[in-house]
Amino acid sequence: MKHINKIISAAAGAAILFSSSSSFAATGDIAGNLYYTDIKTYIYHSPITSYNIGGKTVIDAEILNWHYGFDVYWIAEDRHLDITDKGGDFNSLQAMGGGLVESAEGEVGTVFGPYYETDIVTTLNGSPIESYNIGGRTFIVAEAMRDFGYNVDWDADARTLTITKPMDFYKIETDYGTIKSTYDHKRKTAYVISENNLILTDENYDQYELELSSGQTLQGPGVGDSYIRLSDVQAALNAECSLVEQTIVSHTDWVNGISYDTPYYSYYIDLKFNESDMPEAKPSSGTAGLFGPRVQADIYSLPIDLVVNGESVPMLAIAGGKTYETYVWIVDGKIYIPKYTFAKLLGYQY
């Protein structure tokens with residue numbers, strides 16, 4: 001553990017943060033007193049430097065950068081400190097071991113120094129959050145993180161304040177329902193939508209066409225990134241199809257003795273159809289479809305399982321003659337599965 005002096009002093013010019021205090025307060029003015037406390041504050045499962053400012057807990061915002069799963073950027077020209085969640089619950093080994101924590105030891109409830117006003121705006125995930133200058137560093141109010149969707153849980157017996165993400169911190173609306181997660185699965189990639197039937201190849205390398213309800217297929221940047229809508233699969237198979245949500249609990253043990261359980265949502269696609277009533281594909285005309293412009297956009301890539309008539313089927317793609325397991329894509333709110341997976345369901349080579 002590191003220790004700080006009992007009295008923290010800071011020049012007015014060193015003040016770093018936006019405060020929601022009275023509009024009559026000036027940058028560098030004393031905003032209030034810091035108090036000795038025995039409360040320990042955790043982000044996910046790692047302790048973080050925190051102080052009591054009279055009924056509220058403040059945490060060191062600058063150390064959130066990387067070690068606690070956030071990006072922290074200082075934008076000097078705007079006098080703006082931007083804190084952005086990286087989309088998971090990562091903690092570095094340094095954070096988990098407690099080596100980044102500074103503490104002030106003294107009689108609980110007594111004053112050991114001041115904190116200061118500032119004119120700098122601090123934002124969390126794009127919105128302003130109450131924050132102050134303590135010894136020239138940025139501190140944000142931990143309890144205020146509730147307003148940003150985080151869990152801030154107080155354990156009176158353990159004297160701990162723990163900040164975590166709820167299981168539905170991120171929500172993705174799809175044509176088969178809402179997908180909820182503690183991870184941000186969004187990524188930017190390029191894809192092309194083509195006006196084309198599904199081309200299927202049998203074991204003799206003869207090609208066939210299967211008409212799709214949407215009349216569209218999607219090609220991503222990779223050779224194996226060819227997708228079709230789940231709704232097209234359902235229509236072609238005259239199937240029952242639903243997105244099934246489950247709650248999973250993952251247990252984690254670290255070599256430093258930290259142990260915890262993490263609940264999260266898991267999903268699978270439940271597809272039921274009559275296997276004796278497969279759709280009929282026609283011999284390919286050899287006519288190329290119309291390809292739209294290349295689009296650079298955000299998509300969601302998720303590890304969603306597929307269950308076909310009660311049997312688990314891997315989501316497979318093919319590239320260079322080799323198959324590999326891949327993810328479901330969500331584009332513009334629609335679920336897409338790999339074309340290769342559907343071709344195999346129909347009994348085709350690819």
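Two strands count as paired here if DSSP finds at least two bridges between them, and with that in mind the tour of this predicted model can begin.

Select residues 240-253, which make up strand 24, together with residues 259-272, which make up strand 25. These two strands run in the antiparallel sense and are joined over 14 bridges. To see individual partners across the pair, show T247, whose bridge partner in strand 25 is Y265, and then L243, which has I269 as its bridge partner in strand 25.

Next, move to the connection, where strand 24 and strand 25 form a hairpin with 5 residues between them. Centre the view on G257, a residue of the turn that has a positive phi of about 95°.

Return now to I269, the partner of L243, and add residues 305-308, which are strand 28. Strand 25 pairs with strand 28 in the parallel sense over 4 bridges, and I269 stands opposite L306 of strand 28. I269 is thus a useful place to pause, with L243 as its bridge partner and L306 opposite it in strand 28.

Finally, add residues 311-313, strand 29, to bring the whole sheet into view. The sheet is open and consists of 4 strands in the order 24-25-28-29, with mixed pairing. Strand 24 and strand 29 are its edge strands, each of which pairs on one side only. Looking across the sheet, neighbouring strands are turned by 35° against each other on average, direction ignored.

How values were computed: Residues are numbered from 1 along each chain as its sequence is written. This is a predicted model: local features need pLDDT of at least 70, side-chain atom pairs count only at pLDDT 80 or more; totals for chains, interfaces and linings use all residues. Side-chain values use heavy atoms; hydrogens and water are left out. Axes are lines fitted to C-alpha atoms, for helices over the stretch in contact, and angles run from 0 to 180 degrees between N-to-C directions.
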